[in-house]
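Please walk me through this model in the viewer, one selection at a time. Tell me what to pick next and what is found there.

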Amino acid sequence: MIVITGASDGIGAAAARQLVTRGHQVALVGRSKVKTAAVAAELGAPYHVADYADLSQVRRLAGELTHSYPRIDVLANNAGGVMGRREVTVDGCELTFQVNHLAGFLLTTLLLPTLIRSRASVIQTSSIAARLFSRLDLSDLQNERYSAQRAYGNAKLANILFTRELHRRFGSQGLCAAAFHPGVVGTNFASDTPHPMRLIYHTPGIRRLFTVPADQGAAPLVWLIEGKPGLTWESGQYYERSRVARSSPAADDAGLATRLWDASEALAAASA
């Protein structure tokens, strides 16, 4: 079974369509029940609903997935978004950090017994924003010194660091992990924010010039899902255009990856 989060729209939905067409079993996870159910009905696929702004819903989701799928071959942590202003979730965490990193971290760690038993691949939808905008400070994971671009870049850097640490901790047990940049994809991304980035995604002329269609953005995700770790791609790496790529220098800091894991674990535990 392939589980894709953020699958009600954009590259998540596009990847699910491509995979189902090729004969794969896919389970969809989305925030909107209406939108997720519609895509699931189109594909004849099961679906689950969870809002990543509430970690109790992520815990419920992990329970549902564990019960429903004894084997999970791929977990695609694709859910995410950019926020225009600083918001704090019901769990007391800054929204960008929680939705883009912490919720996916929690889901993955709760599913670890199933993922390890399945010798699964865990794939993170990261972004070139990690290289362009990040300045990760573990003493300010809640982005109190808020900048929307930096908060998003930091979260996408966290996706890469999480990938590195997953590989380090569990690679010897058969778990594989990769992160990738899908390109600047013309989807509903940033639709809920007043951030200027919204203009790129939602102004027709600008969108045509600077973005790629969702099907094209989904292609590297499908490539990783269908690929063979160790043959097609290398576990623990970050990819752009289906090639290993350099991100922020901080993405190669093994100590930072370990400390981020520990901090994420503590924040997730505090919300339980």
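Select Phe97, Leu136, Asp137, Asp140, Leu141, Asn143, Ala151, Asn154, Ala155 and Ala158: these residues line the second largest cavity of this predicted model. The space inside this second largest cavity is about 50 Å³. Colour the lining of the second largest cavity by class, and 6 nonpolar, 2 polar and 2 charged residues appear. Helix α7 provides the largest share of that lining, with 4 residues.

**The largest cavity**

Next, pick Asn77, Asn100, Gly104, Gln124 and Asn159, which lie nearest the centre of the largest cavity and belong to its lining of 13 residues. The largest cavity holds about 70 Å³ of space. How many cavities of 30 Å³ or more are there? The count is 2. By class, the lining of the largest cavity has 5 nonpolar, 7 polar and 1 charged residues. To see which elements contribute, show α4, β5 (121-125) and α7, each of which supplies at least two lining residues of the largest cavity. Of the elements, α4 gives the most to this lining, with 5 residues.

**The nonpolar core**

Keep α4 on screen and turn to the largest nonpolar core, which has 51 residues. Select Val3, Tyr52, Leu107, Leu111, Leu115, Leu166 and Leu175, the members that touch the most other members of this core. At least two core residues come from each of β2, α3 (55-68), α4 (95-110), α5 (112-117), α7, β6 (176-181) and α11 (254-270). The most are given by α4, with 8 residues in this core.

**Salt bridge within α7**

Now go to helix α7, residues 148-170. Select Arg169 and Glu165, whose side chains form a salt bridge with an N to O distance of 2.8 Å. The two residues are 4 apart in this helix, so about one helical turn separates Arg169 from Glu165. Is each partner buried or partly exposed? Glu165 is buried, at 1% relative accessible area, whereas Arg169 is partly exposed at 26%.

**Salt bridge between Asp252 and Arg246**

Move to Asp252 and Arg246, another salt-bridged pair, with the closest N and O atoms 2.9 Å apart. Arg246 is exposed at 59% relative accessibility, while Asp252 is partly exposed at 40%. For a network, return to Glu165 and Arg169 and add Arg168 and Asp262: salt bridges that share partners join these four residues.

**Salt bridge between distant parts of the chain**

The total count is 13 salt bridges. One of them pairs Glu226 with Arg22, where the closest N and O atoms are 2.6 Å apart. Which parts of the chain does this pair tie together? Glu226 lies in helix α10, and Arg22 is in the loop between α1 (10-21) and β2 (26-30), so the pair ties together parts that are 204 residues apart in sequence. Both ends are partly exposed: Glu226 has 31% relative accessibility and Arg22 has 49%.

Stay on Glu226 and add Leu19. The C-alpha atoms of Glu226 and Leu19 are separated by 8.6 Å, although these residues are 207 positions apart along the chain.

**The second largest pocket**

Keep helix α10 (residues 214-226) in view, as it provides the largest share of the lining of the second largest pocket, 3 residues. Select Asp73, Val74, Ile225, Gly227 and Lys228, which lie nearest the centre of this pocket among its 20 lining residues. The second largest pocket has a volume of about 360 Å³. Its lining divides by class into 9 nonpolar, 6 polar and 5 charged residues.

**Cysteines**

For the last stop, select Cys93 and Cys176. Cys93 is buried at 2% relative accessible area, and Cys176 is buried at 17%. How many disulfides are there? The count is 0 disulfides, where a disulfide needs a pair of cysteine sulfur atoms within 2.5 Å.

Key: Residues numbered from 1 in each chain as written. Predicted model: local features only at pLDDT ≥ 70, side-chain atom pairs only at ≥ 80, totals over all residues. Heavy atoms only, no water. 1 Å grid on protein atoms, 1.4 Å probe; cavity = no way out; pocket = protein on both sides within 12 Å on 5 of 7 lines; lining within 4 Å. Points joined across faces, edges and corners; volume = space filled by probe spheres on them. Nonpolar A, V, L, I, M, F, W, Y, C, P; charged D, E, K, R; others polar. Buried < 20%, exposed > 50% of the residue type's maximum accessible area, 1.4 Å probe, protein only. Core = buried A, V, L, I, M, F, W, Y, C linked by side-chain atoms within 4.5 Å.
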